[in-house]
Amino acid sequence: MRDGDRTVLTMGSDFKGEPSAFALVVPVPTVLQRGQIHVGDQAIVEHLDQYSAPRLVEYFDEDPCRMRVEEKAMRMMAPSASGMAQDAARANALGVRIEARYTVGEYDILILSATQSSGLVTWLKESHYRIPDGAERVLGSYLRQGMKFFVAKVNLKEQAKTGFSRLRPLQMAYESPKFMLPIRLGMVNADGPQELLIYALTRQGRVECTNYRTVKLPSDAEVPLYVKEIFAEFYRATFTTAARREGLTAVFTEYAWDMSWCDPCASQPLSNDELRGLGVFWLDDAATRGGASGTFVTRLHVRYDAVHFPEDLVFQQTSDRANFQGRYIMRHAWTGTSDCEAAAAYRAQLRERREKQAETLAALTGWNLDDVRGRMQKNGEWSAAQDSTKWWERLWK
């Protein structure tokens, strides 16, 4: 959530492994008080994801003789020691200061400052954090910006009390003129490109990246019906192809919409209580129908590595409230037997429409066009029997 200089950052990390092997180090612009740190609700993050996710919509062609159409709507890994507290004298000798120490939910949290990156790296290693090669240079750049470090690890006893099998999101609220997301430290520890989804909640309008190009995801394309059965595979391939086409240097807008409504809705808009849980503080106490008027959500997706994204992500809020969503269209063919001039024209254009859908799918995903055609035919979407147009009727068009 971003409004003026106020930020509420909710971090949901996709971590697989034992909780004892999890730790997080995040640069922050200021020393955070206990009340500025919170453990969030994973269900709200999941709801926001569902609401803003790229989606598939279905249309059904009706009898062209009646000409009526209806629509059918559709997260620095490090093993922790059993005790994180270190002798303050040792920390001071290394130029490290423990500014604050909290336990919030299932997390033990330290806020650190340092005078030099080498001392900070030494302290973290002596405290049993696994700091990868190259981290000292990145940490040094954040220190030169006057930033502190938010360090979290899992408190196993507290985690057991929660009853949750997954780590819940960590939240922090602070004020800073910097509207940015630090990603470089995580890349030092990364095994290949990282996948990041950013959901920005604002009062004003769409959020975009200022130091990398922000481009819209390819959208509003008609695709064959069988995509419905493989939508996750289709979307991964579509995003990969789009990222490569942009030279792996772009941030993609997947969704931009006023939270008060959606069209079509993959999931209902978030309630006022859910939005407050994500930091939206300006809502009226009175509930609004379906969601919060005045809350604009931008969903950004970036696949990044150290080569193509050498800088942290810097954002700006714009006044653009134009709606956008990554959506893909399935159009079911009419299969009736009505006979009129419109029906004949409709049947004549079906093969051309199916060929265009095949070419579009191949272009979006990078899949082989002949393989796409074969899958369509196997799915019954494209066959000679379904194309009732006589061969000579296609000669002189």
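In which loop does L248 lie? L248 sits in the loop between α7 and β16 (250-258). This is a predicted model, and the tour below takes it region by region, starting with that loop and its relatives.

## Loop residues worth a look

L248 has a positive phi of about 60° although it is not a glycine. With a relative accessibility of 29%, L248 counts as partly exposed, because that value falls between the 20% and 50% cut-offs.

H128 can be read alongside L248. Phi of H128 is near 75°, a positive value in a residue other than glycine. H128 follows helix α3 and is found in the loop between α3 and α4 (135-144). H128 has a relative accessibility of 47%, so this residue counts as partly exposed. In helix α3 itself (residues 117-126), the buried residues are S117, G119, L120, V121, W123 and L124.

One more loop residue is G192, found between α6 (184-188) and β12 (194-202). Its relative accessibility is 34%, so G192 counts as partly exposed. What lies 7.0 Å from G192, C-alpha to C-alpha, though 113 residues apart in sequence? The partner is D305.

A positive phi also turns up just after α10, where G380 has a value of about 80°. The table gathers these backbone angles.

| Residue | Place | Phi |
|---|---|---|
| L248 | loop residue, not a glycine | about 60° |
| H128 | after α3 | near 75° |
| G380 | just after α10 | about 80° |

## Q171 and its surroundings

Moving on to a strand, Q171 lies in β10 (residues 170-175). Is Q171 buried or exposed? Its relative accessibility is 5%, so Q171 counts as buried.

Which residues does Q171 contact, leaving aside neighbours within four places in sequence? They are L9, T10, Q36, I37, H38, V39, G40, G277 and L278. Two of these partners come with polar distances. The side chains of Q171 and T10 are joined by a polar contact of 2.9 Å. The Q171 side chain also reaches the backbone oxygen of G277, at 2.8 Å. Along the chain, Q171 and G277 are 106 residues apart, while their C-alpha atoms are separated by 9.6 Å.

## R353 in helix α9

Helix α9 carries R353. At a relative accessibility of 14%, R353 counts as buried, because that is under the 20% cut-off.

How is R353 engaged by polar atoms? Its side chain and that of D61 are joined by a polar contact of 2.7 Å. A polar atom of the R353 side chain also lies 3.5 Å from the backbone oxygen of R331. Not counting residues up to four places away in sequence, R353 touches D61, E222, R331, H332, A333 and Y346.

## How α9 packs on its neighbours

Two packed helices are described by the angle between their axes and the distance between the axes. Both values are available for α9 with α10 and for α9 with α7.

Helix α9 (residues 341-365) and helix α10 (residues 369-378) pack at about 130°, and their axes are 9 Å apart. The two helices are therefore oblique to each other, and α9 passes α10 in a right-handed crossing. On the α9 side the contact involves R354, E355, Q357, A358, E359, L361 and A362, and on the α10 side L369, V372, R373 and M376. By class, this contact has six nonpolar, one polar and four charged residues.

What caps the N-terminal end of α10? The cap is N368, with a side-chain oxygen 2.9 Å from the backbone nitrogen of D370.

Turning to the other pair, helix α7 (residues 231-245) and α9 pack at about 65°, with axes 6 Å apart. The contact is made by F234, A237, T238, T241 and R245 of α7 together with L361, A363, L364 and T365 of α9. These residues divide into five nonpolar, three polar and one charged. L361 appears both in the contact of α9 with α10 and in the contact of α9 with α7.

Definitions and conventions: Residues numbered from 1 in each chain as written. Predicted model: local features only at pLDDT ≥ 70, side-chain atom pairs only at ≥ 80, totals over all residues. Heavy atoms only, no water. Helix = DSSP H or I, 4+ residues; strand = E, 2+ residues; numbered from the N terminus. Buried < 20%, exposed > 50% of the residue type's maximum accessible area, 1.4 Å probe, protein only. Contact = heavy atoms within 4.5 Å. Polar contact = N/O pair within 3.5 Å; in protein donor to acceptor, adjacent residues only side chain to side chain. Axes fitted to C-alpha atoms, helices over the stretch in contact; angles between N-to-C directions. Parallel < 35°, antiparallel > 145°, perpendicular 65-115°, else oblique. Left-handed = near helix turned anticlockwise from the far one by under 90°. Nonpolar A, V, L, I, M, F, W, Y, C, P; charged D, E, K, R; others polar.
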